[in-house]
Amino acid sequence: MASCAVPWLFAPVTIAGREYVDGGVWSLTNLDAAPGGRGARVLCLAPTATGAFKAPSTAALVTEEMALKGRGMRVETVTPDAASSKAIGPNLMDAGRVEGVLDAAFAQGRALA
């Protein structure tokens, strides 16, 4: 439930006396949580970098990538290509699109390999 708890939309979830909200409230990429130091390689999958979330997600990506690169890490980011963006559609939470999104994402991943 905490994964969907977004302030002003859904109340935080209290677990053992502490309140929790969706990690996306802190960061759409969570790159700041990547462990490692100089020379570490980080692969960031950023499915939110599409549609209405593209601008804020891209801004977060740039900022957080720079921080990791400043620590000597190598960062590679994968964002939805045109087919994946189309499959995702305007609503990232539309469960009816899951199969199409998985197919498009798999095809995109195969093309990267």
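Helices are DSSP runs of H or I with at least four residues, strands are E runs with at least two, and each kind is numbered from the N terminus. In these terms, helix 3 gives the largest share of the lining of the largest pocket, with seven residues. The model is a predicted one, and its secondary structure comes to three helices and four strands. From the N terminus on, these elements follow the order β-β-β-α-β-α-α.

**Overall form**

- Taken along the principal axes, the C-alpha atoms of the protein fill a box of roughly 40 × 35 × 25 Å.
- The protein has 113 residues, of which 27% count as buried.
- When contacts between residues at least 6 apart in sequence are considered, 54% of them join residues at least 24 apart.

**Strand 3, strand 4 and the crossover**

- Strand 3 pairs with strand 4, residues 74-78, in the parallel sense, and five bridges make up this pairing.
- Within the pair, Arg41 stands opposite Arg74 of strand 4, and Val42 stands opposite Val75, also in strand 4.
- The side chains of strand 3 alternate along its length, with Val42 and Cys44 pointing to one face, where they are buried, and with Arg41, Leu43 and Leu45 pointing to the other, where they are not buried.
- Between strand 3 and strand 4 the chain passes through helix 1, residues 54-70, and the resulting β-α-β crossover is right-handed.

**The largest pocket**

- The largest pocket holds about 1,100 Å³ of space.
- Its lining is made up of 36 residues, and those closest to the centre of the pocket are Pro47, Thr48, Phe53, Leu92 and Met93.
- Two or more lining residues come from each of strand 3 (41-45), helix 2 (82-88) and helix 3 (98-112), and among these elements helix 3 supplies the largest share, seven residues.
- Sorted by class, the lining of the largest pocket consists of 22 nonpolar, 11 polar and three charged residues.

**The largest cavity**

- The count of cavities of 30 Å³ or more comes to one, and the space in the largest cavity is about 40 Å³.
- This cavity is lined by Thr50, Gly51, Ala52, Phe53, Gly89, Pro90 and Leu92.
- By class, the lining of the largest cavity divides into four nonpolar and three polar residues, with no charged residue among them.
- Phe53 and Leu92 appear in this lining, and they are also among the residues closest to the centre of the largest pocket.

**Backbone with positive phi**

- Most residues other than glycine have a negative phi.
- Ala16, although not a glycine, has a positive phi of about 50 degrees, and its place is in the loop between strand 1 (13-15) and strand 2 (18-20).
- With a relative accessible area of 80%, Ala16 lies over the 50% cut-off and therefore counts as exposed.
- Asn30 is likewise not a glycine and has a positive phi, here of about 60 degrees, and this residue is found in the loop between strand 2 and strand 3.
- The relative accessible area of Asn30 is 36%, so this residue falls between the 20% and 50% cut-offs and is classed as partly exposed.

**Leu28 and its contacts**

- Leu28 belongs to the loop between strand 2 and strand 3, and its relative accessibility of 27% makes it partly exposed, because the buried class requires a value under 20%.
- When neighbours within four places in sequence are left aside, the residues in contact with Leu28 are Thr48, Phe53, Pro56 and Ser57, of which Thr48 and Phe53 are among the residues closest to the centre of the largest pocket.
- Leu28 and Ala60 are 32 residues apart along the chain, and their C-alpha atoms are separated by 6.9 Å.

**Leu112 in helix 3**

- Leu112 lies in helix 3, the element that contributes the largest share of the lining of the largest pocket.
- Leu112 has a relative accessible area of 56%, and it is counted as exposed because this value is over 50%.
- From C-alpha to C-alpha, Leu112 is 9.3 Å from Val78, with their positions 34 residues apart in the sequence numbering.

Technical notes:
Residues are numbered from 1 along each chain as its sequence is written. This is a predicted model: local features need pLDDT of at least 70, side-chain atom pairs count only at pLDDT 80 or more; totals for chains, interfaces and linings use all residues. Side-chain values use heavy atoms; hydrogens and water are left out. On a 1 Å grid over the protein atoms alone, a cavity is a set of points where a 1.4 Å probe fits but cannot get out, and a pocket is an open set with protein on both sides within 12 Å along at least five of seven lines; lining residues have an atom within 4 Å of a point. Grid points are joined across faces, edges and corners, and a volume is the space filled by probe spheres set on the points. Ala, Val, Leu, Ile, Met, Phe, Trp, Tyr, Cys and Pro count as nonpolar, Asp, Glu, Lys and Arg as charged, and the others, Gly among them, as polar. Buried means under 20% relative accessible area, exposed over 50%, partly exposed in between (1.4 Å probe, protein chains only). Two strands pair if DSSP finds at least two bridges between them. A crossover is right-handed if, with the strands pointing away from the viewer, the path from the first strand over the helix to the second runs clockwise. Contact means heavy atoms within 4.5 Å.
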